[in-house]
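Pull the model up on your screen and get it turning. We'll walk through it piece by piece, beginning with a pair of strands.

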Amino acid sequence: MDHPYVLLPEEAVPHGLQHCERCELAKQRTRVIWGEGNPEARLIMILDNPGAREDRQGNSFLCGTRETLQHGMREAGLEIDSVYVTYLLKCRPIRAYNKPEARDACLTHLQMQLLEKRPLVLFGFGNVVAEALFPGRENASVKELRGSWHEFQGIPVGFTYHPLAVRRRPNLMRFFVEDLVALKKKWENVQ
Ligand code: SF4
């Protein structure tokens with residue numbers, strides 16, 4: 001039987017940004033990771049950071065976040081190649097760092113991606129993404145934001161739990177799939 005999950009292809013980092021030093025993560029990262037999946041997709045998912053993509057020997061592997069994300073998408077009937085996945089931070093943190101500074105610094109890159117890709121729908125995972133997209137908003141948490149549509153820079157955005165939270169608390173899977181089903185409906189309506 002085929003493995004039900006796939007390692008999505010990475011999109012190349014734009015010229016000149018492979019060595020970005022806008023924040024202190026430049027000193028601890030292995031490399032900048034710009035995004036993965038279908039680079040033409042106008043449905044963009046936003047995770048907090050790239051997570052692990054290679055084991056210690058440098059072999060590619062699928063982390064728990066991606067496995068759970070793809071599981072939820074399959075349950076909801078969303079096609080894996082209909083989305084592009086990117087991150088709030090394009091570098092994977094390894095040690096403690098100044099989170100507000102790094103998020104502010106890297107938001108510029110996300111905004112650049114949105115200008116270039118002109119998504120029709122955005123979908124964020126976890127409280128970190130919710131707080132970063134709505135910094136001035138009280139209670140910008142998944143619990144508060146999930147279940148309805150909001151706007152970020154004129155683009156509809158929805159939220160659900162981070163896949164790792166769902167992995168740790170399997171009782172969240174039902175809500176996770178519910179939110180992804182709502183995303184599928186939204187996506188079908190905007191195309
Ligand atoms: S996290 Fe973003 S801003 Fe910071 S070094 Fe990496 S690419 Fe640059």
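In this predicted model, strands S6 and S7 (residues 155-160) run antiparallel to each other and are joined over 3 bridges. One of the residue pairs to look for is Glu-151, whose bridge partner in S7 is Pro-156.

Now zoom out to the sheet these two belong to. It's an open sheet of 7 strands with mixed pairing, and reading across it you get S1-S2-S4-S3-S5-S7-S6. Which strands stand at the edges? Those are S1 (10-11) and S6 (150-152); each has a single partner strand, so one side of each has no neighbour in the sheet. As for what holds such things together, strands of a sheet pair through backbone hydrogen bonds, and that can be parallel or antiparallel.

Next, the helices. H2 (residues 99-117) lies across S2 (35-37), S3 (43-47), S4 (84-87) and S7, and it runs at about 155° to S4. H6 (residues 173-190) packs on the sheet too, touching S3, S5 (121-125) and S7, with its direction at about 165° to that of S7.

How does this line up with the record? UniProt, in an unreviewed entry, lists residues 34-181 as "domain: Uracil-DNA glycosylase-like". In the model, that span is 39% helix and 18% strand, and its end C-alpha atoms lie 26 Å apart.

Last stop, the ligand. It is surrounded by 14 residues, and the closest are Cys-20, Arg-22, Cys-23, Cys-91 and Cys-106. Sort that shell by class and you find 10 nonpolar, 3 charged and 1 polar residue.

Note on methods: Residues are numbered from 1 along each chain as its sequence is written. This is a predicted model: local features need pLDDT of at least 70, side-chain atom pairs count only at pLDDT 80 or more; totals for chains, interfaces and linings use all residues. A residue is near a molecule or strand if its C-beta atom, placed from the backbone, lies within 6 Å of it. Ala, Val, Leu, Ile, Met, Phe, Trp, Tyr, Cys and Pro count as nonpolar, Asp, Glu, Lys and Arg as charged, and the others, Gly among them, as polar. UniProt positions are given in the numbering used here, feature names are shortened, and annotations may be inferred rather than shown by experiment. Helices (H or I, at least four residues) and strands (E, at least two) are DSSP runs, numbered from the N terminus. Two strands pair if DSSP finds at least two bridges between them. Two residues are in contact if their C-beta atoms, placed from the backbone, lie within 7 Å. Axes are lines fitted to C-alpha atoms, for helices over the stretch in contact, and angles run from 0 to 180 degrees between N-to-C directions.
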